[in-house]
Amino acid sequence: MSSISIEQSNVIYRSSKKQMQGICNLPRDIKFDILSRLLVKDLCKFRCVSKHWCNLISNPTFLDFYHERSRDNPQILMMNDSKNDENEQQLIHLTSMDLDGKVGNELMTSIYGEYIDMLPSGHGLICLFYENHFYLYNPATQEFVSLVEGSLSPCNDHGAGFGYFMSTKEYKVVHMFTQSESSTGFNMGCEILTLSNGDEASSRPWRVIDQCCPYGVTGCALLVNNVFYWTRADKHGNSRDYDLILALDLEEENFRTIRLPNPSSYDEENYMFLVELRGFLCLVDNFAIPPMMNIWMLKDANNITWVKEYSIRFDILDGFDDVYTIVTPLLYHNEEIVVDSDQDSLHYYNVEKESFRRGKRLNMQWDTNQTWERPLRKTRLSLYTESFFSLGSR
């Protein structure tokens, strides 16, 4: 996350007491600025150097400063999984790195599930889930915990959301589950798990909210400004029904729907999903013919004002294939949109020049056992920021 390499930070860590005392005599703002450029795992080492350093790095003002700066230095988390044929476990391999591909931490563990979804928070933690099984991971501190199981769903339809609330400094996990099913539709329940820094995450309870979900939803929600959003499924679970977005306001704990922009322009062949860019909810509409992507931005959530902010041509994207390539915007960073195009590197779209550049090659895994004309990428990516947030497991 910083211009100071791991090797350089280790040199600092091995400095003599005299040199450390010299740094201690610097003004606090300068010490904050220097330390905020290091990775969390290096700062955890410095906490052990002396009481002074421990107090400095644990200072709430420094932690707020560090987390604010880390938002400008996103990190990559890569996940590879493989099924254990002897049981229902998946072997998960998680690798964190910076945008240049420099590896930070790695973790291998086994968790329950046939297909594991990865829910980024846009902050320090990543959530993995399968049906009603949830796991939290902090790549910076290497904490990995299993949460209390959510409610069972009789038809195995589950939706989930995960995100960080800046105002309360809490993470919230949302679990949508089917309470009952009939010929007229689903009765969807919603439960929430709230987590503060230092809470023992593995024992935190779920709380079912009073209002039932008015529609059937599955898959992953997106959190933007304290509101979770799902592309809507109808009462029979038809995920192709894209005329509305379902929103859950966690402050009010109620549901509402949002009409999509100009719905008559959409086609069944288009691939549409939600992302967050520049703090706004965005609808991404990928066209097969011509190959391009429109990004609609919800500029006013109260009055439902959509603006088509970007139109990006795919014929200028190196390695694009209209059959195999799914382009997913991940982040708006330094006047560029960082996109994942199912290749061996990220791409960066310059919004002013309307051009792409390819990032550093990453160590991806590919599925060579399938029958497609070219291997499909197995590795899944997410972005996160460095955080000291504790899951209470240590």
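This passage describes a helix pair and an antiparallel sheet in a predicted model.

In helix H5, which spans residues 51-58, the residues Trp53, Leu56 and Ile57 are buried. These residues lie on the same side of H5, because the arc that they cover around the axis is only 90°. In general, an α-helix has 3.6 residues a turn, so residues three or four places apart point the same way.

Helix H5 packs against helix H3 (residues 28-35), the two axes being 11 Å apart and meeting at an angle of about 80°. H3 is therefore roughly perpendicular to H5, since angles of 65 to 115 degrees are counted in that class. The contact brings Arg28, Lys31, Phe32 and Leu35 of H3 together with His52, Trp53, Leu56 and Ile57 of H5; by character, the residues of this contact comprise five nonpolar, one polar and two charged. Trp53, Leu56 and Ile57, described above as buried, are thus among the residues of H5 that meet H3.

Further along the chain, an open sheet is formed by four strands, which follow one another in the order E13-E14-E15-E16 with antiparallel pairing. Its edges are occupied by strand E13 (222-224) and strand E16 (254-259), each of which pairs on one side only. On average, and with direction ignored, neighbouring strands of this sheet are turned by 30° against each other. Within the sheet, strand E15 (residues 244-249) is joined to E16 by six bridges in the antiparallel sense, and Leu246 is found opposite Thr257 of E16.

Conventions: Residues numbered from 1 in each chain as written. Predicted model: local features only at pLDDT ≥ 70, side-chain atom pairs only at ≥ 80, totals over all residues. Heavy atoms only, no water. Buried < 20%, exposed > 50% of the residue type's maximum accessible area, 1.4 Å probe, protein only. Helix = DSSP H or I, 4+ residues; strand = E, 2+ residues; numbered from the N terminus. Arc of directions from axis to C-beta. Pairing = 2+ DSSP bridges. Axes fitted to C-alpha atoms, helices over the stretch in contact; angles between N-to-C directions. Parallel < 35°, antiparallel > 145°, perpendicular 65-115°, else oblique. Contact = heavy atoms within 4.5 Å. Nonpolar A, V, L, I, M, F, W, Y, C, P; charged D, E, K, R; others polar.
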